[in-house]
Amino acid sequence: MTTVALPAATPRARRGLVERSIMPGFGLTMGFTVFYLSVIVLIPLSAVFITTAGMGFDGFVEVALSQRALYAYRLSFGAAAIAASINAVFGLVVAWVLVRYEFPGKRLVNALVDLPFALPTAVAGIALTALYAPNGWIGAWLAPHGIKVAFQPLGVVVALTFIGLPFVVRTVEPVLADLGPEVEEAAASLGAGRWQTFARVIWPAILPALATGFALAFARAVGEYGSVIFIAGNMPYKSEIAPLLIVMQLEQYNIPGATAIAATMLIASFVLLFAINLLQGWSRRRMAA
Amino acid sequence: MSRSTSTTEPGWMRWLLIALALGFLLLNLALPLAAVFFEAFRKGWDAYVAGIIEPDAIAAMKLTLLVAAIAVPVNIVFGISAAWAITKFEFRFKSLLITLIDLPFSVSPVVSGLVYVLVFGLQGWLGPWLREHDVQIIFAVPGIVLATMFVTFPFVARELIPLMQEQGREDEEAAISLGANGWQTFTRVTLPNIRWGLLYGVLLCNARAMGEFGAVSVVSGHIRGLTNTMPLHIEILYNEYNFVAAFAVATLLAGLALVTLALKTLLEWRYRDQLHVGGH
């Protein structure tokens, strides 16, 4: 979700919406872009808000803020926050190790980090369930200690941790790689210990990227569906995530109900998107400085 | 990379961090991947093959290939055209347009499916008109294709926009001033410059198109042999406690993921300077 950095527009000859250019094809490519964007994304998305607006305020509140829905939001956002925090810690360690150290099999490890981007969520979901079920490789090992993961809220955290890792690693990695050794050498020559150098020099430099990675992992986790539903157990008021509640409403042909919850989720996504844009701006300024 | 002792950690600390990172990746990524293949072959080769050559599984594979064969090329055309408009011209609201192109990545897959139910479903905006003309989109293949287009919408564009931005437009301007027309300029100048980046975007787009679950699940209707893609077929088998068959079909998608990762790594290694490798 990294937004593209664009150079400031050149001030020359900007009378209308478009600057004059000898390049051909603006009408055709721009026309198709706006048409396809509207038909596939914007008009269908607007349907959520227009349908919700038609429900009236009371109808909206009754579904979107019902007891069951509030439990579902709490689980979706709470589990997403825990998973993104776990990923922030381990993602930083993984990025650090990949950028700074040499070890056998590094290229393979580097490729494996992107597995959650490439592996279909349903496959991840059934695989994690098999691992963490009471008779699974990990579940059987945890069961004697009284720890249950599969079919519990904890299972949701496990699934969301799986899908979120690459967001943190791939956001922090380039910033760490860009951090030249000069500043660290300067800190060391001024008598700073390794830990002081990390806390005072490296940490402030990578913090914006780490926060961005956290936010990206969190945003993805809040809306995640496929990897979660197999492992969660899906009990209302307990292990039912918000996207599943939308599906439940749809299966009961309660389209307004599904739409009201979807509108709430969409607003949350837009707020997150805005926050991510601010964080990326902070990150870019920090890198440019 | 050799660093002086003052700018790296003591040896024990390095090995501790490497062990921590590898341990986490093993637990969180490698084990789930291994579990897919282990569960698929738990009852032997014959049970595995039986799960894959079953007619409903074959129908699901065909549908998945068909959906990707429509959604990916359309997104290629869109991605190229959006990148051309955005990087070769200056216009107002450009950053707004880029944000809107990225929008599908921030929408929950379930909501991505729901939006088409609201437009094309029986009670949706176009529902009555579609019924009158006997066109079915929701709970049929067109709905699955649309939902897939939505979730894969940004992949090609977000790879090409930063890449073509970096490359500038001098090459194209030179070709135009030497008398080439727009199409010639695109096929002979731009396309060779962006081909590896384009392939990179297409790889990721295709992986998501074939693996999408949430959005497709909402619009599919789950009709066996007709509107089940491979991920949906896996869900049905799994819910029927037919675990070996579910994991057998899952190995095919896991294989696709591994091939995607291998090609992606190869591209990053071989053509790093001709790609824009960013987050998702």
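In the predicted model, Glu268(B) counts as buried, at 14% relative accessibility, and its salt-bridge partner Lys264(B) likewise counts as buried, at 5% relative accessibility. The closest N and O atoms of Lys264(B) and Glu268(B) are 3.0 Å apart, and both residues belong to helix α13 of chain B, where a spacing of four residues places them about one turn of the helix from each other. Salt bridges with shared partners extend this pair into one network that comprises Asp114(A), Arg170(A), Glu173(A), Lys264(B) and Glu268(B). Within this network, the side chain of Lys264(B) meets that of Asp114(A) in a salt bridge with an N to O distance of 2.4 Å.

Between chain A and chain B, two salt bridges are counted, together with 11 residue pairs in polar contact, both residues of each pair being at pLDDT 80 or more. Helix α1 of chain A (residues 26–53) supplies 18 residues, the largest share of the side of chain A that touches chain B. The contact as a whole takes 103 residues from chain A and 100 residues from chain B. The size of an interface is often given as the accessible area lost when the parts come together. For chain A and chain B the buried area is about 9300 Å², and carbon and sulfur atoms give 77% of it. On the side of chain A, the residues that lose the most area to chain B are Met23(A), Tyr36(A) and Trp137(A), which together account for 7% of what that side buries.

Over all chains, the count of salt bridges comes to 18. One of these joins the side chains of Arg100(A) and Glu184(A), at 2.9 Å from N to O. Arg100(A) lies in helix α3 (residues 67–100) of chain A and Glu184(A) in helix α9 (residues 181–189) of chain A, so that the salt bridge ties together parts that are 84 residues apart in sequence. Both partners fall under the 20% limit for burial, with relative accessible areas of 6% for Arg100(A) and 0% for Glu184(A). Arg100(A) also lies over the face of Trp96(A), at 4.6 Å from the ring centre. In chain B, Lys88(B) is placed over the face of Trp84(B), at 5.8 Å from the ring centre. A further salt bridge in chain A is formed by Arg220(A) and Glu224(A), with the closest N and O atoms 3.0 Å apart, and these two residues are both buried.

Aromatic pairs number 31 over all chains. The ring centres of Tyr116(B) and Phe150(B) are 6.2 Å apart and the ring planes stand at 90°, so this pair is edge-to-face. The pair links distant parts of the chain, given that Tyr116(B) is in helix α5 (residues 109–120) of chain B and Phe150(B) in helix α7 (residues 141–152) of chain B, 34 residues apart; both residues are buried. Trp196(B) and Tyr271(B), by contrast, form a stacked pair, with 4.0 Å from centre to centre and 10° between the planes. This pair, too, links distant parts of the chain, with Trp196(B) in helix α10 (residues 182–211) of chain B and Tyr271(B) in the segment after α13 (243–270) of chain B, 75 residues apart. Tyr271(B) is buried, with a relative accessible area of 18%. Ring pairs also link residues of both chains into a cluster, namely Tyr225(A), Phe230(A), Phe213(B), Tyr238(B), Tyr241(B), Phe243(B) and Phe247(B).

Methods:
Residues numbered from 1 in each chain as written. Chains lettered and ligands numbered in written order. Predicted model: local features only at pLDDT ≥ 70, side-chain atom pairs only at ≥ 80, totals over all residues. Heavy atoms only, no water. Phe/Tyr/Trp six-rings, centres within 6.5 Å; stacked < 30°, edge-to-face > 60°. Helix = DSSP H or I, 4+ residues; strand = E, 2+ residues; numbered from the N terminus. Buried < 20%, exposed > 50% of the residue type's maximum accessible area, 1.4 Å probe, protein only. Lys NZ or Arg CZ within 6 Å of the ring centre and 35° of its normal. Contact = heavy atoms within 4.5 Å. Buried area = accessible area lost by both parts, 1.4 Å probe. Salt bridge = Lys/Arg side-chain N within 4 Å of Asp/Glu carboxyl O. Polar contact = N/O pair within 3.5 Å; in protein donor to acceptor, adjacent residues only side chain to side chain.
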